[in-house]
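Me: I'd like to learn how to read a protein model. Could you walk me through one, feature by feature?

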Amino acid sequence: TRQKQIWKTPLILCLLVSANLCSSLTQQSSKSLDRQILSDYWIHWQQLLDDEYQETAEQLREKRRRWSQRRLEQSGLSIFGAYAEPDSDVLGEKIVRVVKKGERYLRDRFSKGDVLILTSLMPGIDTIPRECLVTDVGKDWLTVGVGPSWPKGLYECRRHVGAYQVRLDRAAPQAPLKFQQRALELLRKGEAGSAANLMASLFAGEEDATDLAAECPSRLQVAIDLEETIQDVIEETATSFTPNKSQKDAITSALQRRISLIRGPPGTGKTRTAALLVKTALKLQQKINEEDPKTCSKARVLAVTHSNGAADVLLQALLQIGVPAVRLGRPAAVSADVRHRTVVAMSERMPDVVELRQT
């Protein structure tokens, strides 16, 4: 099928961008890049995103029309005969526990991060089905984040166990689609930054990818010994991670090129290498600032992953080597081990916010 041809091929692009240092390059590339190139790129990916969403949604609708309830449940597409109850509040997001008595295999059918539609079956309560995110799963229960408010009537039923009847259905998630569409719209307007413009330029065949990737970013064309910088960082993090020669070479290469792809089988230390790469980039900017205080810029690195789970793992690796990383995203989708480093959690601890909460 078309979906298998386009969407089942794993294609992951990781960009590490120093936001402050790219500002002048962003302005220059936005002005010089042909608007038609940006428009063509926008049209191409906008259409593919829409096709993917519509195809997934139609497949789910067709299965719900044709399959029995038993088959839908066994396939992990729906849960019938369940009840919901308030569970907790995670930094402003309401968490609902959904229980199906007698069930033993929910853990095999659903996992953290799944997007589902929660529909109330309570008579006399007119509620709109709500998109929710699975945060945890047991053998006969799962918890879902439903947003800043409880579903209508749920909190009022909290003292009557089993009273609030619901069904859950797997859905084609809308939130990621909207975020992707917004990002593409920024690119179409020439406001998405130099990395996005570079992607559009390569897509249009305007640049030779190999030559362009091999160019050293102008902000890193400085008389600073990369090997020495890497060694300084290694000595600082020696207690938690000591890279081998291959990992050192990967970091050195990445910091001398505009685009790099670092590959390796499971267990070869890709995540820890990525964390060390981030720390080395920050250390490099610190040395640049020391060499030329007039151009002093606060170093910031944006690390992007393909899933919430991967972002949590990278965040843990960064924190272990002393990088004060901050996690963007929905707190309910973040691992409890690193949730304290989300923007929402950190803002809750700010003195002004604490004072407001107490008044």
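Reply: Let's go from the whole chain to its strands, and then on to its helices. One thing to keep in mind is that this is a predicted model.

Me: Okay, the big picture then. How many helices and strands are there in the protein chain?

Reply: The protein chain has 14 helices and eight strands. It runs to 359 residues, and 37% of them count as buried. You can also look at who touches whom: among contacts with a separation of 6 or more, 67% are between residues 24 or more positions apart.

Me: Now the strands. What holds the strands of a sheet together?

Reply: The general idea is that strands of a sheet pair through backbone hydrogen bonds, and the pairing can be parallel or antiparallel. In this model, six strands close into a barrel, and their pairing is antiparallel. The order to trace is β2-β3-β6-β5-β4-β7. From one strand to the next, the twist averages 45°.

Me: Let me follow one edge of that. How many bridges pair β2 and β3?

Reply: Strand β2 (residues 78-90) and strand β3 (residues 93-99) are paired by seven bridges, in the antiparallel sense. To see one pairing up close, find Glu-85, which stands opposite Arg-97 in β3. The two strands form a hairpin, with two residues between them. In that turn, Leu-91 has a positive phi of about 50°.

Me: And where does the ring close up?

Reply: Look at β2 again, this time beside β7: four bridges pair them, antiparallel once more. Ala-82 has Val-166 in β7 as its bridge partner.

Me: Which strands does β4 pair with?

Reply: Strand β4 (residues 115-120) has four antiparallel bridges to strand β5 (residues 130-137). Ile-117 stands opposite Glu-131 in β5. Then there are five bridges joining β4 to strand β7 (residues 165-170), and these two also run antiparallel. For that pairing, check Leu-118, whose bridge partner in β7 is Leu-168, and Ser-120, which stands opposite Val-166.

Me: Is β4 mostly covered or mostly open?

Reply: Mostly covered: five of the six residues in β4 are buried.

Me: On to helices. What do I look at when two of them pack?

Reply: Packed helices are described by two things, the angle between their axes and the distance between those axes. Try helix α9 (residues 226-236) with helix α11 (residues 270-291): their axes come within 9 Å and cross at roughly 120°. That angle makes α9 oblique to α11. The crossing of the two is right-handed.

Me: Which residues of α9 and α11 meet there?

Reply: On the α9 side you'll find Leu-226, Glu-228, Thr-229, Ile-230, Asp-232, Val-233, Ile-234 and Glu-236. On the α11 side they meet Leu-276, Lys-279, Thr-280, Lys-283, Leu-284 and Lys-287. By class, the residues of this contact divide into six nonpolar, two polar and six charged.

Me: Can we zoom in on Ile-234?

Reply: Sure. Ile-234 lies in helix α9 and counts as buried because its relative accessibility is 6%. Setting aside neighbours within four places in sequence, Ile-234 is in contact with Pro-243, Lys-248 and Leu-276. Compare it with Thr-280 too: the two are 46 residues apart in sequence, and their C-alpha atoms are 8.8 Å apart in space.

Me: What about α11 and α12?

Reply: Helix α12 (residues 308-320) packs against α11 at an angle of about 55°, with the axes 9 Å apart. These two helices are therefore oblique to each other, and their crossing is right-handed. The contact is made by Thr-271, Ala-274, Ala-275 and Val-278 of α11, together with Val-313, Leu-314, Ala-317 and Leu-318 of α12. Sorted by class, that gives seven nonpolar residues, one polar and no charged ones.

Me: One last helix question. Why do residues three or four places apart point the same way?

Reply: An α-helix has 3.6 residues a turn, so residues three or four places apart point the same way. With that in mind, browse helix α7 (residues 194-203), where the buried residues are Ser-194, Ala-196, Asn-197, Leu-198, Ala-200 and Ser-201. Just after α7, Gly-205 takes a positive phi of about 75°.

How values were computed: Residues numbered from 1 in each chain as written. Predicted model: local features only at pLDDT ≥ 70, side-chain atom pairs only at ≥ 80, totals over all residues. Heavy atoms only, no water. Axes fitted to C-alpha atoms, helices over the stretch in contact; angles between N-to-C directions. Parallel < 35°, antiparallel > 145°, perpendicular 65-115°, else oblique. Left-handed = near helix turned anticlockwise from the far one by under 90°. Contact = heavy atoms within 4.5 Å. Nonpolar A, V, L, I, M, F, W, Y, C, P; charged D, E, K, R; others polar. Buried < 20%, exposed > 50% of the residue type's maximum accessible area, 1.4 Å probe, protein only. Pairing = 2+ DSSP bridges.
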